[in-house]
Amino acid sequence: MRHGDFSELAAFIAVAEAGSFTRASAKLGLSQSAVSYSVRMLEQRLGVRLISRTTRSLSLTDAGERMLRSLRPAFEHIESEIAAVSALRDKPAGTIRITTFRYAAMSVLWPVMTTFLAEYPDIEMEVTLDEGLTDIVAGRFDAGIRIGEQVQKDMVAVRIGPDLRMAVVGSPSYFQNRTIPMTPRDLGDHRGISYRQTTGGGLYAWEFERDSEELVVRMNGPLIINDSLMLEAAALDGLGLAYTFESQVSQYIADGRLIRVLDDWCQPFPGYHLYYPSRRQHTAAFALLVEALRFKG
């Protein structure tokens, strides 16, 4: 069917149902002359009169009544299908690709993601774990999750978690023959488990602050690793002190498997942020995820 044929049929149905060219033109958003022309072209193409016109009224001919009965169900089906397809435009769907590191994924993304995916079954998420600072543009990611101070200035950053604190911990066996450090300066007498940063390859420095005094300590020790779970395991096995997220080892501290030191030197700092390029056009699905992750505290 040609586009003109469809518009002629639509004009005829509108006139037949409205009983008036004027009302039909208002419904279709067309001029009265355009509607009248469409109906006239349809009649000429079919070679039969569909509508009887007088100066005061119009009525359907037998052919027009038959045409209306045949066309109305078909057009109602077409309109319902068009409405259904249009609804897909606003229905959240598609794949969202996010890069982050393991602990952030488990502590802030996972609790939201499980509920989010259940609520929006047409959305898929691809989560890539990377301890380094991934270039989300080059990697074709929709967004990344990192600590606030690590987010580049040209990115849109949305806070998705509370402030964080670091903790210095060691096992009871480690402290059995060692004194408890009272200040970061005392760490020179201790063994540290060092964390190798994936980006740049440098060792992660232990940063401390108290009463406006800031200290940075670089530890020496028997082990250098680049995995947070191995960092915990090494501390639990007494290989040395570990410098890690407070929330990551809070249960071990509570049950006595790890002893925390230098608590008053570990100040809160901005927590996790979702970041993404400001210039990218994002989908409805991505906008929903941003709101679901947004920190409400």
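Contact here means heavy atoms within 4.5 Å. Keep that in mind for these exercises on a predicted model.

**Exercise 1.** Work out how helices α6 and α7 pack: at what angle, and with what handedness?

*Solution.* Begin with the geometry. Helix α6 covers residues 228-236 and helix α7 residues 246-254; their axes lie 12 Å apart and make an angle of about 25°. Angles under 35 degrees count as roughly parallel, so α6 is roughly parallel to α7. Next comes the handedness: the crossing of the two helices is right-handed.

**Exercise 2.** Find which residues of α6 and α7 meet, and sort them by character.

*Solution.* From α6, take Ser-228, Glu-232 and Leu-236; in α7 they meet Gln-248, Val-249 and Tyr-252. Sorting the residues of this contact gives three nonpolar, two polar and one charged.

**Exercise 3.** Lay out the five-stranded sheet and say which strands stand at its edges.

*Solution.* First write the order: β4-β3-β5-β14-β6, an open sheet with mixed pairing. Then look at the ends. β4 (123-129) and β6 (155-159) each have a single partner strand, so one side of each lacks a neighbour in the sheet. Finally, add the twist, which averages 30° from one strand to the next.

**Exercise 4.** Describe how β3 pairs with β5, then place helices α5 and α8 on the sheet.

*Solution.* Strands β3 (residues 94-100) and β5 (residues 143-147) pair in the parallel sense over two bridges. Here Thr-99 stands opposite Gly-144 in β5. Now add helix α5 (residues 102-119), which packs on the sheet and touches β3, β4, β5 and β14; its direction makes about 170° with that of β4. Helix α8 (residues 284-293) also packs on the sheet, touching β3, β4, β5, β6 and β14, and its direction makes about 160° with that of β14.

Technical notes
Residues are numbered from 1 along each chain as its sequence is written. This is a predicted model: local features need pLDDT of at least 70, side-chain atom pairs count only at pLDDT 80 or more; totals for chains, interfaces and linings use all residues. Side-chain values use heavy atoms; hydrogens and water are left out. Axes are lines fitted to C-alpha atoms, for helices over the stretch in contact, and angles run from 0 to 180 degrees between N-to-C directions. Helices (H or I, at least four residues) and strands (E, at least two) are DSSP runs, numbered from the N terminus. Angles under 35 degrees count as roughly parallel, over 145 as roughly antiparallel, 65 to 115 as roughly perpendicular and the rest as oblique. A crossing is left-handed if the near helix is turned anticlockwise from the far one by less than a right angle, and right-handed if clockwise. Ala, Val, Leu, Ile, Met, Phe, Trp, Tyr, Cys and Pro count as nonpolar, Asp, Glu, Lys and Arg as charged, and the others, Gly among them, as polar. Two strands pair if DSSP finds at least two bridges between them.
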